[in-house]
Structures are given as C-alpha cells and as structure tokens.
Amino acid sequence: MSEFSHLVSSKVNLALLQEQALNDLIDILDRCEGTKVLMWDESLTNPVSLIAKPSVLKDHNVVKMFPIKAGDLPNVDVRNFIFITRPSLQLMNKIATNIHSDEKKNRVYRKNFYLYFLPKRSLLCENQLKTKGVYGNFQIIDDFKCQLFPLERDLLSMEYPDCFKELYIEGDLTSLHQSALALYNIQKLFGKIPKIVGKGKFAEKIKELSKNIVLNENIADEKGSIDQLIILDRSIDSLSAFATQLTYEGLIDEFYGINNTTVNFPAEKFSPSSEDTNFSKVTTSNEKKQVILNSKEELYAELRDKNFNAVGPVLSRLAKTITAAANERHGEKTIQELKKIVEHLPKLKASELSLANHTTIASLIKEQISQYDFLDELSSEQEFMMCNDLDKPNDYIESMICTQKPLEKVLRLICIQSAAASGLKQKVLDGYKKEIFHSYGIDSLLKLGKLEKSGLIKVQSGSRSYNILRKTLNLTVDDFQEVSPKDISYVHSFYAPLSIRIVEHSLRPLGWSGLNDILSCIPEPSFEDYQLAITTSSGRRDSLTSEISQSDIPKTILVFFVGGCTFAEISALRFLSQQDENNVEFIIMTTKVINKNSFLENVIS
C-alpha cells in the first residue's frame, strides 16, 4: 500500500502491524451488514487514520463518522451505529444517553448498536452499561485488538497519553497490561525476543507480564527478528522530558504540535498550491494548513533529526540543486535529452514544493526561537543542567512568577531544577509555593500538588544522583557540534538525554551488566532477563554486544519508553544507529510521543 510505504522495512516490517490492524477494522465493519455510521472515541480519530484511510472505510459502507458525545445521536438515515472506544466510564455514560435518547423516539424500526473496545473489553465498562440499562441493546460487544500505531518504519506509538498520569498519580495500572499485550503482539509477528533489560519499577512489571503472556501463548522457542528489548520508565529521566528540543522535528512539535504525523500551521504564511499533496484542501475555516510530516517526503526525512542550526545549509543546498536542474532545461537538446528532462519533471516539481514548504516552516521556527523569552528560558534550563545554583530560589523563576508568566512555563523550570538537584530544598520549595499562590491563586497549588504526587517535583533526600550521572556519563558536553555532530548531545545543543546515554553505554562490550554501577545511582530497580539463551559460536551464553561485534549484520534492539518519549530522544537513537561502530538498528516504541508542553499539561490537567 503506497500510502503506508514509509512503514516498510526489510527486517522488522512495521507495515505488518498496520495491515493487521486494518484487517481487524475491516472485519469489524463487515460483521455489520449494510450502511453504517462510525461513532469514535474522539481521542482515536487521528490514531486510526494511521491504519485506515477514509477511502477504505467508504468501501466498507461507512457513510458518516462522528465523535461520541452525550445526548441525541446524529440525525442520519442509517440503521447501524458502530461505537469504537477506549475503556472509559465517562464514554460509557455518553453512549448510554445516546441509546436512551433513541429509545424515546417513535420509529418504525430500531437502530442496531455495536460496541468495540480498543484494545480490550473492560468488565468495569460493561457493568456500567448494565447499570445504565443499555447493555442488552448491543448486537455485538467485542475487542478491537489494536495496541500499536506505526508512525514510521522505526517508530511505534500506543497512543496512550494518560499512561504516566495513570501510573504515578491515579494508581491505575491498566497501561501495564496493555503494554505487555503490545509486546506480545510484536513477538507473535516477529518472533521471540531473546533478551530483556530495563530500568524502573513499572518497566520491570511490564517485563514480567509480557514474559508470562508469551509463555502461556506458546510462542515458538526460536529467536525472531529482534535481538533485544530495553524497557525504560519515564521517571528515571524526567529531565529529558522537560528539556527544550533543538532538533527540527522536536521544535515543530513544541511550537505547533505534531499529532499522529500531522501538524497545523498558519495558512497565510504559505503560498497556495493546488499541486501540493502534503497540504489538506479544507483549511479556510480556521486559516490553518494541515501538513503531513513523515519520511515519504525525502527532504523531511533528511531534515527531521538535524539540529535546527543545520537545517539552513540543507535547504540552501537543495535550492542550488533545483536551480541547476531548471537551468539544464534551456538550450538546444536532443530527443533523448528532452525525454530524460520530461521524466524528471515530476520529481523536480515535488522538490520545489517541498523546499518552499520547509523554508516557510523553518522561518516560522526561527521567529519563535529568536524571541527573548525563549532564549531566557533556554539559558535558565541549561544552567540547571550544569548544576549551577540548585539549592536556592532561582531569580529567573521568581521574576516569571512576579510578572505572571504562564504558570506552565514556571512549573516546567521548577521540575527541571528539581530533577537536576535530585529534589529541592524544603525551604526553596515552600518559597516557590508561597509566591505561586500569591500570583496564580489556589488552583495553581493543586497543579503543583499533582507534580509532587508524581515525583516530578520532590524534596531533596539522599545523594545527588543527576550530578553524579552528569559527570559519569558526560551528559553535558562542552565541545558539542550542531551541524556535523559526533555525539547525541546535539539534540539539545550540549545536553545528552540520560535515557539515550544509558542505551548508548549498553552497546559497549560488557553490555547491560557493565552499567550496574551507573544504574545504581538511580533509585529504581534494574533488570536483565532472558527468554532464550544467547549463545556464541563456541556454545557459551554471551552478551548481545559480544554477538554484535562478531557479526557484520546490524542487530535490532527494541527500545520501549513507558510514559512517553520525545522526538529529540528518537533522533538521538537514530543518530546512534547511523554510527558504523555500533552496528545496530533501533525500533522505538512509546506509550506516546511527548514534548515538554504536552507532558506537563497531561500531568497537571
């Protein structure tokens, strides 16, 4: 399917997950004969577009799609209504009002209702439907077993934005079981993963759940396409979640929000073009241009992982190439030369459009990062990363509070100070609380309380693990290079994400076991486990990195972030895979791709 060609890969083909989910969805649609209306959990509308295009739904007699809302059903002359939703008591209540409302209407025939839970039925939700008196109104109640949404050929998302909040604030462990099922599904498709390592209490629970499911489902005892699984809790490195990303893709996400590979920009900044297939046509109502960002577009694939300061030279080089190609068309040509020029015209036109679009996007980003507020915030967070003045109230934070800058910006910097100091002095935290209360009111303390409950802001106790790790793992790099990087620190312009430094060090000859001293600084459990014995040619069980060094074939490692990961972390992993000495390919899996804004907003909302 050309629409999903950017997911295709030779070794671990994530397009298979897309095809599997699409087939499951088609099966759901075909179980209901005749025309039908789809009623979506609103949070699933964009993710499902990653597995099925509207034309496919139309081919299977879907005439309309609506978000699930309380009250009357949409006024459509269709008998069949299919509800697809995540397990949510709130949504069950809305669906119940839909059905009760329909029952009150005098109709010649009743509507047929179907309910599918993604990814799995919920006893709690079904009981709620019984309590509301509508359980018996459904022709079918079943699962839509779609745990993973492929975003790129190396990137999978569970599209579970509430995972961190549920685990650390609400005490809801549902995401752990769903994560384990997702890992089982990967192994069902691509074979058993021999080695599982990781860091964090929830990572360890997912490992145990996943191993049990694989054992009970009798997956063949043969090594699959993936050599190792690394599971990391977001809590072991909250600083990288709050750090400002300085890659092209990361900055686009932070300023405009990339939602399932699409992003909206101000329409007036772009030159209209009917030939630009990356832009949606319906943009007049809110004056936004919706742009699709994925690796199908060659230029974006080249730009996305670069530090923003390296974007300009790439755009300049492409502009010169296009100009030179355009000049070649002039003058006398033979028939063969003209034929070749005509063949290359579509690609040249596509390159021109791509260049124009990304030049505009880059200029929009440049405007944002040139503002004094952005630069002041960046300077402040980098001071914290260097462990400067962590034990006293920060002057810049206090000035932000006094001038009532957006509370989210204030809280983010306090979270970074807390992470860098391994907790704030009690006196410092109390001082911040007092000032925040006076400037923002009582609601602000509730938000601060959620950050405390989640551990993102805490009182200092014990050793300063971040400062130890900063020196041991060289997390802050003085001689960083942005345009031609030699280290992952380029993604934040001098700061290397701790999470990725851990992965990088695990590639060394001693493997994960060589990280014991380093990982002991982080107060969360570490683990190293095997589902299959990894043996060398001599028959001895050995580390994955020893096996890597003995083979020219790149090994494949699945890295799973529980609680979300950023585009900067994704770019850093891609950078590591491009280094010949590592001889490794990464598949990245996350509960949700996050940025500093979306992560904070989800926790405090």
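In this predicted model, helix 19, spanning residues 465–472, tucks away four of its residues: S465, Y466, L469 and R470 are buried. These residues sit on the same side of helix 19, because the arc they cover around the axis is only 135°. As for what that buried side meets, the list runs to helix 9 (238–242), helix 14 (372–385), helix 16 (407–420), helix 20 (498–506) and helix 21 (516–519). Just past the end of helix 19 comes N474, with a positive phi of about 55°.

Helix 15 (residues 395–402) can be read in much the same way. Its buried residues are I397, M400 and I401, and they cover an arc of only 100° around the axis, so they lie on the same side of helix 15. On the face turned away from that buried side, D395 and C402 are exposed. The buried residues of helix 15 pack against helix 14, helix 16 and helix 17 (426–440). The two ends of helix 15 have details of their own. At its start, a side-chain oxygen of N394 comes to within 3.0 Å of the backbone nitrogen of Y396; after the helix, Q404 takes a positive phi, near 50°.

Helix 16, already named as a packing partner of helix 19 and of helix 15, also meets helix 24 (residues 596–604). The axes of helix 16 and helix 24 are 10 Å apart and the packing angle is about 100°. An angle between 65 and 115 degrees counts as roughly perpendicular, and the two helices are therefore roughly perpendicular to each other. On the helix 16 side, the contact is made by E408, L411 and R412, while helix 24 brings in K596, L600, E601 and I604.

Then there is the nonpolar interior. In soluble globular proteins, nonpolar side chains tend to be buried together. Here, the largest nonpolar core holds 161 residues, and the members touching the most other members are I231, I252 and M589. Helix 16 turns up again as the element that gives the most to this core, with nine residues. Setting aside neighbours within four places in sequence, I231 is in contact with L183, I196, V197, G198, K199, A203, I206, K207, F527, F560 and V562. A second core, separate from the largest one, is made up of 21 residues, among them M39, V78, A96 and F113.

How values were computed: Residues numbered from 1 in each chain as written. Predicted model: local features only at pLDDT ≥ 70, side-chain atom pairs only at ≥ 80, totals over all residues. Heavy atoms only, no water. Buried < 20%, exposed > 50% of the residue type's maximum accessible area, 1.4 Å probe, protein only. Arc of directions from axis to C-beta. Contact = heavy atoms within 4.5 Å. Core = buried A, V, L, I, M, F, W, Y, C linked by side-chain atoms within 4.5 Å. Polar contact = N/O pair within 3.5 Å; in protein donor to acceptor, adjacent residues only side chain to side chain. Axes fitted to C-alpha atoms, helices over the stretch in contact; angles between N-to-C directions. Parallel < 35°, antiparallel > 145°, perpendicular 65-115°, else oblique.
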